[in-house]
Amino acid sequence: MHLDTDLLHSLAKEHGTPLYVYNGDLVIERYRDLPLFITWPKFRALYAMKANFNAGILKAINEIGGWLDTVSPAEVIYAKRLGFPVDRMLYTANNLSEDEMHEVVGQGVLLNIGSLSRLEKFAKAYPGSNVCLRFNPEVVDGGHEKIMTGGDLTKFGILLQDVDQVKAIVAENNIKVIGLHEHTGSGLTKTDSVYQAMQNLMSIATQENFPDLEFVDFGGGFKVPYEPDEERVDYVSFGSEITRIFTEFCENYGKELYMYFEPGKYIVAEAGYMLVEVNTMKDNKGRQIAGCDSGFPQLIRPMFYESYHHIENLSNMDGEVQTYDICGNICETGDRFAEQRELPEIREGDILSIQNAGAYCYSMGGVYNMRPMPAEVLVLNGESKLVRKQLTNEDLVDQILGECSLD
Ligand code: LLP
């Protein structure tokens, strides 16, 4: 599953650091293995492209006929330019503005609406249209409190108890609700949360409430291990329970509907690596600090969610294990990829590989401190390709000044 250490090391030497490297073959394997464990014949995985919008990854997913979960007009435009047809996309908006609604409808993508207020505006603007509706599953789970999307404390979805109001708006404007949706959170810690959220959404998905359903979408959130000794979810039994629940539901509904999930992390998290070079070793009264040539704007998860990302010292895999703070090059104390982490001896010039950097790493990146984002290499079918280059400092400044008007 992991890319070869020597290959990663040589890519760091060839392209320089910091560098993102993605195992494209693993991405495709993950996209394809979902229907092997969720065996419902009308199953679809909509890749949540916010997790990683690398053009090479998206192109490869498009080539196998993949579907997308999109969340902004630019994501739709970008995916279209890469060849995705709009009928293989769903648009899950958050606090959709009037302009955004018209833009997405104009692009021809099916909208997934998550508030009564927006549903009303959509229904008046587009009577007779199809829509998908997002409900709050009333299940609270996720890998960190910032990424739990169900329950009373979040902004997401229509309340299940408001179904009668939904029906009134829909009936008045002749809207066809062809899909229902929920998303419980990212990195769901319990398989039971998925089953419960499914049941809660399905409790309102009756013929009487929604006679035109074509699909039910249960969002993303499939967990993958980030720590080396973390157990992988038993996806075979998980998938068979999901299939069982949905089969029973469709029997009651009286029609074989499509079942959608929208995985992001599951597809790409483990396929990514960020490679950095250590350029400054420091002994701070016994605390060993390894200073790298990248920082939190280029991989923010440890600082933002206290996430664990496993790190390997590619240059000294068998060195004597010691304890380090792995720090970035940004002017903030919290700029650490790992704190008090045991690693084989680190020397200046060593290349570290930060693992599980495929999901929400590059895509959440920015240029704080005016450092360009790293380049991205995709390894696919045995070939390594530089899919996105790193801007030079001059390029970055040109880009910023090009957006400015100083007169
Ligand atoms: N569907 C919807 C409506 C979502 O909001 C999300 C993620 C997904 C699907 C995909 O979830 P996944 O399978 O990737 O867990 N930046 C955070 C994760 C934020 C997830 C946002 N929504 C992180 O780095 O952990």
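Which residues does L133 touch, not counting residues up to four places away in sequence? Here are some notes to help you find your way.

1. **Around L133.** This is a predicted model, and L133 is a good place to start looking. L133 touches N112, I113, L119, I158 and V166, and also V177, G179, L180, H181 and F210, once residues up to four places away in sequence are left aside.

2. **The largest core.** L133 is also part of a bigger picture: with F246 and I326, it belongs to the residues that have the most contacts inside the largest nonpolar core, a set of 108 residues. Helix α9, which runs over residues 235–253, gives the most to this core, with eight residues. Both domain 1 (24–265) and domain 2 (270–402) give residues to this core, so it lies between them.

3. **A second core.** There is also a separate core of 13 residues. If you would like to find it in the viewer, L11, Y273, A375 and V377 are among its members.

4. **A nonpolar patch on the surface.** Turning to the outside, you will find a nonpolar patch formed by M370, V397, L401 and L406. Together these residues have about 420 Å² of accessible area. V397 has its place in helix α12, residues 393–402. Partly exposed covers the range between 20% and 50% relative accessible area, and V397 counts as partly exposed because its relative accessibility is 35%.

5. **A cis peptide bond.** Please take a look at the link from T17 to P18: this peptide bond is cis, with omega near -5°. As for where to find it, P18 lies in the loop between α1 (5–15) and β1 (19–23). For background, most peptide bonds are trans, and most residues other than glycine have a negative phi. The next two points turn to phi.

6. **E138.** Here is a residue other than glycine with a positive phi, near 60°. E138 sits in the loop that runs between β6 (130–134) and α7 (163–172). Is E138 buried, exposed or partly exposed? E138 counts as partly exposed, since its relative accessibility is 41%.

7. **N369.** This residue is not a glycine either, yet N369 has a positive phi of about 70°. The loop that holds N369 lies between β15 (351–355) and β16 (375–380). With a relative accessible area of 29%, N369 is partly exposed.

How values were computed. Residues are numbered from 1 along each chain as its sequence is written. This is a predicted model: local features need pLDDT of at least 70, side-chain atom pairs count only at pLDDT 80 or more; totals for chains, interfaces and linings use all residues. Side-chain values use heavy atoms; hydrogens and water are left out. A nonpolar core is a set of buried Ala, Val, Leu, Ile, Met, Phe, Trp, Tyr and Cys residues joined through side-chain atoms within 4.5 Å. Buried means under 20% relative accessible area, exposed over 50%, partly exposed in between (1.4 Å probe, protein chains only). Helices (H or I, at least four residues) and strands (E, at least two) are DSSP runs, numbered from the N terminus. Domain bounds come from an automatic or database domain assignment. Contact means heavy atoms within 4.5 Å. Patches are made of residues with over 30% relative accessible area and no salt bridge: like charges are joined within 9 Å, nonpolar side chains (Val, Leu, Ile, Met, Phe, Trp, Tyr) within 5 Å. Accessible areas come from the Shrake-Rupley method with a 1.4 Å probe; for residues, only the protein chains shown count as cover. A salt bridge is a side-chain nitrogen of Lys or Arg within 4 Å of a carboxyl oxygen of Asp or Glu.
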